[in-house]
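Visitor: Please take one part of this model and go through it closely. I would like to know what surrounds it and how those surroundings are built.

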Amino acid sequence: MTSFDSSPTLTAWRALLAVAVVFVMLATTGWSAVRDHHAKGERELALASWARDRIAGRPLPEAGAPAFRMAHFFATLTSGQQMSLADKYPTVVGNLNGVPVTLRYHANRLALKQAVAVEKRRTYDETLSAGGRGEAAQRAARFRSMLAKDRQILAFDPSGHGRAAEVFGNLDRASRVSVVVPGVDTNLLTLERSRRVNSAPVGMAKSLYGAERAAAPGTRTAVIAWADYTAPAGLGMDAALGGLATEGALRLNALVGALPGTSTVSLFCHSYGSVVCGVAADKAPDRVADIAVAGSPGMRADSAARLDTDARIWAMRDRDDWIRDVPHLEFGGIGHGADPVDPAFGARLVSAAGASGHSGYFEPGTESLGNFAAIGVGAYGSVRCATADGACHSGISGDRKADARRAA
């Protein structure tokens, strides 16, 4: 890991490179970031029906109601009434923060079965191109995979490129919850991979869950593969801007605020996911104790202190991650700002030894994964710093607010 060289010559070259990157992006994608426009689908129709429906003579809460209000409403229902709503509106109930997580798992299994049937019909639709039918077959296969026994799908929206979240462990009983926030090109088809398994969100989360259980067998942990935001598609303008990160941050904080119980939460943010976490930091619920970033293009802040959070900020980057060559600058809203592994940024710098490339941080046996696991279970004394002097341990007392004051 190298420090950011702030010499005037290198800074000038980086600025020139940033301008060149911007013009290449504009030449290939245009000034307007591309957005998918989707026809009104089954979920939209279900939401419209939900808004008009009643149960036991009572109107249903708005689908966008705060999680505490949704939780209160479902707590007043019998188990039979809860199940009735999940069965009737699986695409709605499966995505509502505040709904009991086991009910969301049930609803999303139903939604996945419906989605498989839809995609299966599309594979035979002659009005679609061969490519369209092929993608339908891929999506059907992905959804069938997500229906495998014991998988806990916390969120599922098949519209467009799709969004989803999966839980490993018992979310209701966990005292420590880790949320993996992935980056560019995250969608339903890239949710998991058969090769380079641990470079995809599900593989990352599953690997982290195994490492946390090994690090602290007596700690009740759960890990969420959180692909429930619209990530940039490729390295175009969306990846250089903060719009999708802003939208993602709202969804991330809503998820964290709605988690059951009083668990302590750690965010593990990879690549563009670290932009999402940076934007989310100042409004993150108090239960977020740690924000750890890997392969970060920046967190849209000049320093860890400017993130305005009591959460501990951790950062790592392996030696051959190409993200090191991306200009860590921000100009006119383009770019994501300072490099989190620059010592001047003020993050706790931890070792990524053993990790290889931009997507190797969750591989078993790497110090990057070991450090993530130690942070996730609160075993801060086991974290291996990026420097021999152990500076990343400085000031950790277990009191996050006190730690944050010392760091500032």
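Guide: Two residues are in contact when heavy atoms lie within 4.5 Å. With that cut-off, what covers the buried residues of helix H11 includes E5, helix H9 (237–240), H10, E7 and E8. The model is a predicted one, and H11 (residues 272–280) is the part examined here.

Eight of the nine residues of H11 are buried, so this helix is largely enclosed by the rest of the structure. The buried ones are Tyr 272, Gly 273, Ser 274, Val 275, Val 276, Cys 277, Gly 278 and Ala 280. For the protein chain of 408 residues, the buried share is 50%.

Among the covering elements, H10 is a helix of residues 243–258. H10 and H11 pack with their axes 8 Å apart, at an angle of about 65°. Angles of 65 to 115 degrees count as roughly perpendicular, and the two helices are therefore roughly perpendicular to each other. Their crossing is right-handed. From H10, the residues that meet H11 are Leu 244, Ala 245, Thr 246, Gly 248, Ala 249, Leu 252 and Asn 253. On the H11 side, they meet Tyr 272, Val 275, Val 276, Cys 277, Val 279 and Ala 280.

Leu 252 of H10 also belongs to the largest nonpolar core, a set of 48 residues. Leu 252 is among those with the most contacts inside that core, along with Leu 171, Val 179, Ile 224, Leu 267 and Ile 291. H10 gives the most to this core, with six residues. A second, separate core has 43 residues, including Phe 168, Ala 227, Met 316 and Ala 374.

Leu 267 links several of these pieces. Leaving out residues up to four places away in sequence, Leu 267 touches Val 179, Leu 252, Val 256, Cys 277, Val 288, Asp 290, Ile 291 and Ala 292. One of these, Cys 277, is a buried residue of H11, and Leu 252 is in H10.

The strands that help cover H11 belong to an open sheet of eight strands, in the order E3-E4-E6-E5-E7-E8-E9-E10, with mixed pairing. Strand E3 (152–157) and E10 stand at the edges with a single partner strand each, so one side of each has no neighbour in the sheet. Helix H6 (residues 101–122) lies across E3 and strand E4 (163–169), at about 55° to E3.

Within this order, strand E5 (residues 176–181) pairs with strand E7 (residues 264–270) in the parallel sense over six bridges. Val 181 stands opposite Cys 269 in E7. Further along, strand E8 (residues 288–294) runs parallel to E9 and is joined to it by five bridges. Asp 290, one of the residues touched by Leu 267, has Arg 312 in E9 as its bridge partner.

E9 (residues 312–316) is mostly covered, with five of its five residues buried. In a regular strand the side chains alternate between the two faces of the sheet. In E9, Arg 312, Trp 314 and Met 316 point one way, while Ile 313 and Ala 315 point the other way. Met 316 is included in the second core. Beyond E9, two bridges join this strand to E10 (residues 348–349), also in parallel, with Trp 314 partnered by Arg 348.

Key: Residues numbered from 1 in each chain as written. Predicted model: local features only at pLDDT ≥ 70, side-chain atom pairs only at ≥ 80, totals over all residues. Heavy atoms only, no water. Core = buried A, V, L, I, M, F, W, Y, C linked by side-chain atoms within 4.5 Å. Buried < 20%, exposed > 50% of the residue type's maximum accessible area, 1.4 Å probe, protein only. Helix = DSSP H or I, 4+ residues; strand = E, 2+ residues; numbered from the N terminus. Pairing = 2+ DSSP bridges. Axes fitted to C-alpha atoms, helices over the stretch in contact; angles between N-to-C directions. Parallel < 35°, antiparallel > 145°, perpendicular 65-115°, else oblique. Left-handed = near helix turned anticlockwise from the far one by under 90°.
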